[in-house]
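Me: I would like to go through this structure with you. Could we take it topic by topic?

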Amino acid sequence: MKTTRQPLYQRFAEQIRASLQNGVLRPGDRLSSVRQASQQHGLSITTVVRAYELLESGGLIESHPQSGYFVRARFGAESTSTLASALAHDPAFPVAHVSPAEPDRSQPLPVSAEVDVSRHVLATLKSIHQNDAVPLGSPYPDPTLFPARRISQYNGAILRSGGPLGVLDDLPPGHPDLIRQIVRRHLETGLSVDPGDVVITVGATEAINLCLQAVAKAGDTIAVESPTFYAMLHAIERLGMRAIEIPTDPRLGMDIAALKKVMQSQPVAACMVMPNFQNPLGFEMPEENKRQLVELGSRYNMPIIENGVCNELYFGTAHPSVLKAYDKRGIVLYCSSFSKSLTSAYRIGWTLPGRYREQVEKLKFLNTLSTSTLPQRAIAAYLTAGGYDRHLRRVRRTLQQRCDIMSAFVGRFFPAGTRITRPAGGYVLWIELPAAIDSMILYRQALAEGITIAPGRLFSTSDAYRSFIRMNYSYSWTLQIEQAIRRLGEMLAAMLE
């Protein structure tokens, strides 16, 4: 009986699969380029490509434009990666290299505190582009993910049209074309919004500041997640208010019962939260928790400022819901921008301030008078032309792949005892290092070698996150980034010695 020989591409794919199983190749490793593999194994280009395609279709490797093929490392509750599940039970791969544990729920003290983080944050932000440093500490997504050229074309076309661009055309609430597109976008993602509810701002930062100023005064106490995004703390510091940190779970978000207990023991003027893909933890708050939080705010007449800047950057199959969708009394002041999903160059944001709309619009006029018309119209033109959803699908897919790769490399090269979050979206990892590590010392040592990270001190009013860092995984995976993570692992090992 005549036997059929296995095709060359299948045999080559089996060789690579065997290398995965015996530990020669690990999650995050880069495979040889197609041309290199062709030369190394005496195979045709077509054979190598077909082998890589077979492995990719089986979920074992994944391709990255301009970077090559990588061993896949998929993390997350919904992940069904063949490789991840196999390695989790394979003694050849230590568990720490596959999926390090997550940080525990935070346990901040239930006391309010003055906020003084701006000087630390400013110094960190200045260092990000110092001497072409590796931007693992950047608070912004990789700008090459954005359609900057296309938006610039709309910008140029508007300038050439010779239409009015005067200050009076910029007055609050904002340009009607952009407001209409924002309302349409909210409707498409499940939130019915009246155009009269929208106020355009200079990015989400101004939106958050205006909303906080509208609902609280100097000396008031504001509840925040712990850890929290430092832009929230900046707003509190700027207005002379105090912050009280609420225990926060890296999967579930703010502990609603703990918030209620704090509210029953002391006055809380407002609550500031980031329920979807929170920076730095990356969680998506469950639906029931969102509903309970809004109900709690309504019962105690406590305004809730919702930061939704990362809502478009989800890794799941559906757009996340927002707190605003549960708001029946106008207590939720929703804030967002296009800076994390479309372009950070123009700094265009907006707010849906609910019952506080009049105050917010007045404060907008008093604080910055207006938001420039030109970038509003350019973004509106881009959104009107279509293509935003296609762009977002590409960005989400890219971010999830880069998250997987960086998570695998951190698990492989950082010391035992390291814990990392499992982001449900966004572009940052929150990493808990062994307790003996001082992340400010690591930050300074890394900066001296051209590597930036964000030390945990920036995300709290206290020193509770002394041994934590935040790292940005949105940038294209390059040899420079790979070497930076390896070098950070070496620094950590030396510090522990």
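Reply: The answers below cover helix packing, salt bridges, contacts between distant residues, backbone geometry and a surface patch.

Me: Before we start, what kind of model is this, and how are the residues numbered?

Reply: This is a predicted model, in which local features need pLDDT of at least 70 and side-chain atom pairs count only at pLDDT 80 or more, while totals for chains, interfaces and linings use all residues. Residues are numbered from 1 along each chain as its sequence is written, and side-chain values use heavy atoms, with hydrogens and water left out.

Me: Helices, then. At what angle do H7 and H14 pack?

Reply: Helix H7 (residues 148–161) packs against H14 at an angle of about 120 degrees, and their axes are 8 Å apart. Axes here are lines fitted to C-alpha atoms, for helices over the stretch in contact, and angles run from 0 to 180 degrees between N-to-C directions. Helices (H or I, at least four residues) and strands (E, at least two) are DSSP runs, numbered from the N terminus.

Me: What is the word for how H7 and H14 lie to each other?

Reply: H7 and H14 are oblique to each other. Angles under 35 degrees count as roughly parallel, over 145 as roughly antiparallel, 65 to 115 as roughly perpendicular and the rest as oblique. H7 passes H14 in a right-handed crossing; a crossing is right-handed if the near helix is turned clockwise from the far one by less than a right angle, and left-handed if anticlockwise.

Me: And how do H15 and H17 pack?

Reply: The axes of helix H15 (residues 388–413) and helix H17 (residues 479–496) are 9 Å apart, at an angle of about 30 degrees. H15 is therefore roughly parallel to H17. The crossing of H15 past H17 is right-handed.

Me: Changing topic: how many salt bridges are there?

Reply: The count is 24 salt bridges, each defined as a side-chain nitrogen of Lys or Arg within 4 Å of a carboxyl oxygen of Asp or Glu.

Me: Which residue pairs with arginine 185?

Reply: Arginine 185 forms a salt bridge with aspartate 389, and their closest N and O atoms are 2.9 Å apart. Arginine 185 lies in helix H8 (residues 176–188) and aspartate 389 in helix H15, so this pair ties together parts that are 204 residues apart in sequence.

Me: Are those two buried or exposed?

Reply: Arginine 185 is buried, at 15% relative accessible area, whereas aspartate 389 is partly exposed, at 35%. Buried means under 20% relative accessible area, exposed over 50%, and partly exposed in between (1.4 Å probe, protein chains only).

Me: Where do glutamate 361 and arginine 357 lie?

Reply: Both are in helix H13, 4 residues apart, which is about one turn of the helix. Their side chains meet in a salt bridge (2.4 Å, N to O). Glutamate 361 is partly exposed at 22%, and arginine 357 is buried at 18%. Elsewhere, salt bridges that share partners join Arg185, Glu188, Glu312, Asp389 and Arg396 into one network.

Me: What about contacts over sequence distance: how far apart in space are serine 106 and proline 250?

Reply: They are 8.4 Å apart, C-alpha to C-alpha, with their positions 144 residues apart in sequence. Serine 106 lies in the loop between helix H5 (95–98) and strand S3 (113–114) and counts as buried, at 7% relative accessibility.

Me: On to the backbone. Which residues are joined by cis peptide bonds?

Reply: One cis peptide bond joins proline 172 and proline 173, with omega of about 15 degrees. Another joins serine 226 and proline 227, with omega of about 0 degrees. Proline 173 lies in the loop between H7 and H8, and proline 227 is found in the loop between strand S5 (221–226) and helix H10 (230–238).

Me: What is the phi of leucine 369?

Reply: Leucine 369 has a positive phi of about 70 degrees although it is not a glycine. Most residues other than glycine have a negative phi. Leucine 369 is in the loop between helix H13 (357–368) and helix H14 (373–385) and is partly exposed, at 34%.

Me: Which residues form the nonpolar patch on the surface?

Reply: Phe365, Leu366 and Leu369 form the patch, with about 280 Å² of accessible area together. Patches are made of residues with over 30% relative accessible area and no salt bridge, with like charges joined within 9 Å and nonpolar side chains (Val, Leu, Ile, Met, Phe, Trp, Tyr) within 5 Å. Accessible areas come from the Shrake-Rupley method with a 1.4 Å probe, and for residues only the protein chains shown count as cover.
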